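Thanks for coming. I will go through one structure this morning, starting with the sheet and then turning to the helices.

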Amino acid sequence: MENNKLIAEFMGWDKDNTSWYWLMLVVEKIESLGYEVQIRNTDCIIFQLLDTLKYKPIVDISSGSGKMDSTYKAVVEFIKLKQE
């Protein structure tokens with residue numbers, strides 16, 4: 001529940017939610033900040049784009065129980081890193 005509040009604050013939302021649609025809005029915001037989000041099987045990796053040919057992994061979650069779980073964990077970790 002605390003992570004849902006963290007995500008809601010990052011997005012500027014009053015309420016928290018746990019739907020896949022809601023999570024994809026967070027992914028789109030992260031990408032709008034200049035990062036790439038890759039979601040495959042049960043992995044989610046968030047890369048910083050250094051230039052057109054180089055990527056630096058910022059978050060790498062490969063322990064999720066599915067796409068939604070790993071994506072959720074990755075965006076929470078990303079937001080926490082950005083708050084530091």
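**Sheet first, then helices**

Strand E2, residues 43-49, is joined to E3 by 6 bridges, and the two run antiparallel. Before I go further: this is a predicted model.

Staying with that pair, glutamine 48 has lysine 56 in E3 as its bridge partner. Leucine 49 stands opposite tyrosine 55, also in E3. The connection from E2 to E3 is a hairpin through 5 residues.

On to the other pairing. E1 and E2 are antiparallel too, and 6 bridges join them. Here tyrosine 35 stands opposite glutamine 48 in E2. So much for the pairs.

Taken together, the strands make an open sheet of 3, in the order E1-E2-E3, with antiparallel pairing. At the edges are strand E1, 35-40, and strand E3, 55-61, each of which pairs on one side only. From one strand to the next, the twist averages 20 degrees.

Now the turn between E1 and E2. That hairpin has 2 residues between the strands, and asparagine 41 takes a positive phi there, near 45 degrees. What makes this worth a remark is that asparagine 41 has a positive value in a residue other than glycine. Is asparagine 41 buried or exposed? Its relative accessibility is 61%, and the cut-off for exposed is over 50%, so asparagine 41 counts as exposed.

At the end of E3, look at isoleucine 61, which lies in that strand. Its relative accessibility is 10%; buried means under 20%, so isoleucine 61 counts as buried. What does isoleucine 61 touch, leaving out residues up to four places away in sequence? The contacts are Thr42, Asp43, Cys44, Ser70, Lys73, Ala74 and Glu77. Isoleucine 61 and isoleucine 39 are 22 residues apart along the chain, and their C-alpha atoms are separated by 9.7 Å.

Next, the helices. Helix H2, residues 20-32, lies across E1 and E2 and runs at about 140 degrees to E1. Its length is as expected: 13 residues at 1.5 Å a residue should span 18 Å, and the end C-alpha atoms of H2 are 18 Å apart, which agrees.

Which residues of H2 are buried? They are Trp22, Leu23, Val26, Val27 and Ile30. These cover an arc of only 150 degrees around the axis, so they sit on the same side of H2. As a reminder, an α-helix has 3.6 residues a turn, so residues three or four places apart point the same way. The other side of H2 has Tyr21, Glu28 and Ser32, which are exposed.

What do the buried residues of H2 pack against? Their partners are helix H1 (2-11), E1, E2 and H3. Just after H2 comes glycine 34, with a positive phi of about 100 degrees.

Last, H1 and H3. The two helices pack at an angle of about 65 degrees, and their axes are 10 Å apart. The crossing of H1 and H3 is left-handed. From H1, the residues involved are Asn3, Asn4, Leu6, Ile7 and Phe10. In H3 they meet Tyr72, Val75, Val76, Phe78, Ile79, Lys80 and Gln83.

That leaves one item to take back to the screen: H2 has its buried residues on the same side, and H1 and H3 are among the elements that those residues pack against. I will stop there and take questions.

Key. Residues are numbered from 1 along each chain as its sequence is written. This is a predicted model: local features need pLDDT of at least 70, side-chain atom pairs count only at pLDDT 80 or more; totals for chains, interfaces and linings use all residues. Side-chain values use heavy atoms; hydrogens and water are left out. Two strands pair if DSSP finds at least two bridges between them. Helices (H or I, at least four residues) and strands (E, at least two) are DSSP runs, numbered from the N terminus. Axes are lines fitted to C-alpha atoms, for helices over the stretch in contact, and angles run from 0 to 180 degrees between N-to-C directions. Contact means heavy atoms within 4.5 Å. Buried means under 20% relative accessible area, exposed over 50%, partly exposed in between (1.4 Å probe, protein chains only). The expected span of a helix is 1.5 Å times one less than its number of residues. The arc is that of the directions from the helix axis to the C-beta atoms. A crossing is left-handed if the near helix is turned anticlockwise from the far one by less than a right angle, and right-handed if clockwise.
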